[in-house]
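Visitor: Could you take me through this model? I should like to begin with its basis and then turn to the chains.

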Amino acid sequence: MNLCTDQLAMLLADPGQLISVSNLALDPLSSAMVEEAQAYPVNRGGAEQIFLMHPDLVLAGTYTARASVDLLRGLGIEVVQLPPADRLEDVADHMRQIGAALGRPERGEAMAREFETSLASIGHDGPAATAAMYYPNGYTAGSGTLSDQILSLTGFRNVGAEAGLTGGGILPLERLVMAEPQVVVTSTPYPGASRSEEILSHPALRQLRDGAAQAHVRDADWVCGTPHLLNAIRTMADARAGLEGQQ
Amino acid sequence: MTLRHIALLLLSLLVMALFLASLLIGPAALGLKQSVMALLAGEGGPVALVMQEIRLPRALLGLLVGAVLGLSGAAMQGFLRNPLAEPGLVGVSSSAALGAVLSLQTGLAASFALALPLSALAGAALAVLLVLVMAGPRGGALSLILAGIAISALAGALTSLVLNLSPNPFAVMEIVYWMMGSLADRSMTHVWLALPFMAIGCGLLLATGRGLDALTLGEDAARSMGVDLARLRLLIVLGTASAVGASVAVAGAVGFVGLVMPHLLRPLVGGRPSHLLPAAALGGAAMVLTADIAVRLIAPDQDLKLGVLTALVGAPFFLHLLWRMRGLEA
Amino acid sequence: MTLFSLDHLSVRRAGKSVVDDVTLSVQAGECVGLIGPNGAGKTTLMRAALGLLPHEGSSNLARLPLGERARQAAFLPQNRDIHWPVTVDAVVALGRAAQGSGKLHAEDRRAIDRALARMGLADYRDRIATALSGGEQARVLIARALAQETPLLLADEPVAGLDPEAQLRTMQVFADLAREGRGIVVSIHDLGLAARFCTRLVVLHHGRVVLDAPPREVLSDPRLSEVFGIRGFLADTPDGPVFQPMAVTR
């Protein structure tokens, strides 16, 4: 019922064990596993639909519609809820938890180990460069977020966190421009115009980006605490190395 | 110098002061001298970027949007001889928003630059025509307001429908923007897009002054004094549609400006519509600039909508007017 | 000189004939009273003649372009609308708008002063028109039509609801204007005032002209009681005929 648990489940479950994934798993802009997801029937997160699939176990996020989760529990179905991963340490924990919930703890443990090993190999020494995440409506990641941790791991200072934001929040374009980040990470626009995304093509931001390096990351890699997160981390590490090359 | 001239002069000074304040107030704390230098001479550098690409368009749009809303309100009131007429209340703004949203969501807006303001203009024109038909001068206050409610509700519902059906997940969040309006993070591109339409609209509306004056005495009297009502109606429809359409296309629907300003200013500049038009434009500019400054001061890091503030001032005002009219009609 | 001429003018509304084949002309120097019971078509006749309503037949005024029409004839509608709080001076000045540029010239100012003086409003100039009494507002609106200084003036029930002084003053102004060589068409319910001040009376009934003659003849015609359903007392005085409605005849 949740984009992130869907992906972990697809990676950890035995064939035939997972009977449905959420429709979000099929969205190429937020899901890193669209191809895999196509093999499963899709649910839209409604309790009625999920109940009729007769699952033994439902994996959901803690922010998944409460009413649906309560209803399913009331109907006697076991629901495991995972909070969103706010720290890199959470990611490996989640892998273990899902593995255990699916009855495949050894597989979860292996994935977590691999993730931790890969993570340990990445790091950056020396002075940090500035970077900002910038999303529609001027949304950015502040301190205490997974993005923030990835940025500091790969040798960046997060402009959002330095602006005093905790968690996600809005950073006015003016303050982003004044901070002059060396790298700006933005999302890929969805099809169909929206005014929220218009800010990403604002001339001021465009000029800023012309002066700054750009990191080309897939949003889908950032969203969830899955092994794909390593892609995002590696991209940022490369971007940091690229900056070094320029200097 | 009459009271009217003094009022116009003071209003102009007020608008200038507010325009400057709008340039100098923002989430990024910039020094006064630094900002002015950057605005006028700055080449490159983050301060110049902020001043020229973010604050200047915002201040300009505040000025322009306010001016056209005040002016359209005064012109509509003059034409309908009804103090409750206002682009927001009678559904012109929400229909313009529908036009804009349709052109954005169908991709028409991306096909050529003028498609967005033109679609908003078409939406606005349709609504003005509907209002004039439904609540012509003989319609009275009640039918005007009822027609306005119906048109606003329909346009609002269709706007929500279009945005809900959009493949873009952010579109739904924009319903509030289109209904309440905001000047946050607009660029010079928006200024250039809207300016020509606003200028044409204002030109057409300002040309209605003499006709509206004559209409003070009713339609028959006006026509017998040589006023071509068909031409006047055309000026009002095209002028309002063009000005309000362009304004909504770049800033969403900001309500009540066209209602409040003519009323506040009538005692100062006199009831003559031709005298009221320029004053209402200045007053509208002052009101929207003030609201936009307030938005930034009250909640600098949240995108508080402009229309929230104008409605907070305007809606009680509207009730007050209704109350007074109730006394008159009883 | 003929200032006003209607040729077989008809107005139909929802298939019904409201004005039926009216042929009428008014010369300079005439003050024509248009009389008839409610619903006889007086207002419709005036509005059609001014080109404010679609009609058949022809009217010399309706044929003119709008601007020229406004220089030929001023019209005082029955509704005394003053929608905004404007000064008396501003209302009367509107009468000059028809004459040209929008800017008031010295000649326009003089015309405004003359109109205000004729209606006894010289001291009201800077008062807010909407704050005046109904009778005063009516006088202001008449002054507006006078300020237009057209050869012809059409007034639709200008004295309805006025006090006796204002009624007499208004009708006297119309009679004076006619004597000065202008043409006046005034619809009026008060047959006494019509007898006293008009040079000619036109009786309209069911949209048709029934009688068209000097007051003395019209008011003594037996057809008058058929149209109005009243009989009255008519007497000659050195100042002209006097007519007093006396009793209902049906």
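Guide: The conversation below covers conventions, chain contacts, one interface, the cores and one histidine.

Visitor: What kind of model is this?

Guide: This is a predicted model, in which local features need pLDDT of at least 70 and side-chain atom pairs count only at pLDDT 80 or more, while totals for chains, interfaces and linings use all residues. Residues are numbered from 1 along each chain as its sequence is written, chains are lettered from A and ligands numbered from 1 in the order in which they are written, and side-chain values use heavy atoms, with hydrogens and water left out.

Visitor: Which chains have the most contacts between them?

Guide: Two pairs of chains touch, and chains A and B have the most contacts (heavy atoms within 4.5 Å). Chain A does not touch chain C; the nearest C-alpha atoms of the two are 41 Å apart.

Visitor: How many residues do chains B and C bring to their contact?

Guide: Chain B brings 25 residues and chain C 26 residues. About 2000 Å² is buried between chain B and chain C, with 64% of that area from carbon and sulfur atoms; buried area is the accessible area (1.4 Å probe) that two parts lose on being put together, summed over both. On the side of chain B, the residues that lose the most area to chain C are B:L217, B:D220 and B:M225, which together make up 30% of what that side buries.

Visitor: And which side chains meet in a salt bridge there?

Guide: Those of B:D220 and C:R47, at 2.6 Å, N to O. The count between chain B and chain C is one salt bridge (a side-chain nitrogen of Lys or Arg within 4 Å of a carboxyl oxygen of Asp or Glu).

Visitor: Turning to the interior, how many residues has the largest nonpolar core?

Guide: The largest nonpolar core has 187 residues, and A:L173 and B:W178 are among those with the most contacts inside it. Such a core is a set of buried Ala, Val, Leu, Ile, Met, Phe, Trp, Tyr and Cys residues joined through side-chain atoms within 4.5 Å. A second, separate core of 46 residues includes A:V183 and A:M236.

Visitor: What does A:L173 contact?

Guide: Leaving aside neighbours within four places in sequence, the contacts of A:L173 include A:Y134, B:I54 and B:D185.

Visitor: Lastly, is B:H190 buried or exposed?

Guide: B:H190 is buried, with a relative accessible area of 10%; buried means under 20%, exposed over 50% and partly exposed in between (1.4 Å probe, protein chains only). Not counting residues up to four places away in sequence, B:H190 touches A:E198, B:L61 and B:V250.
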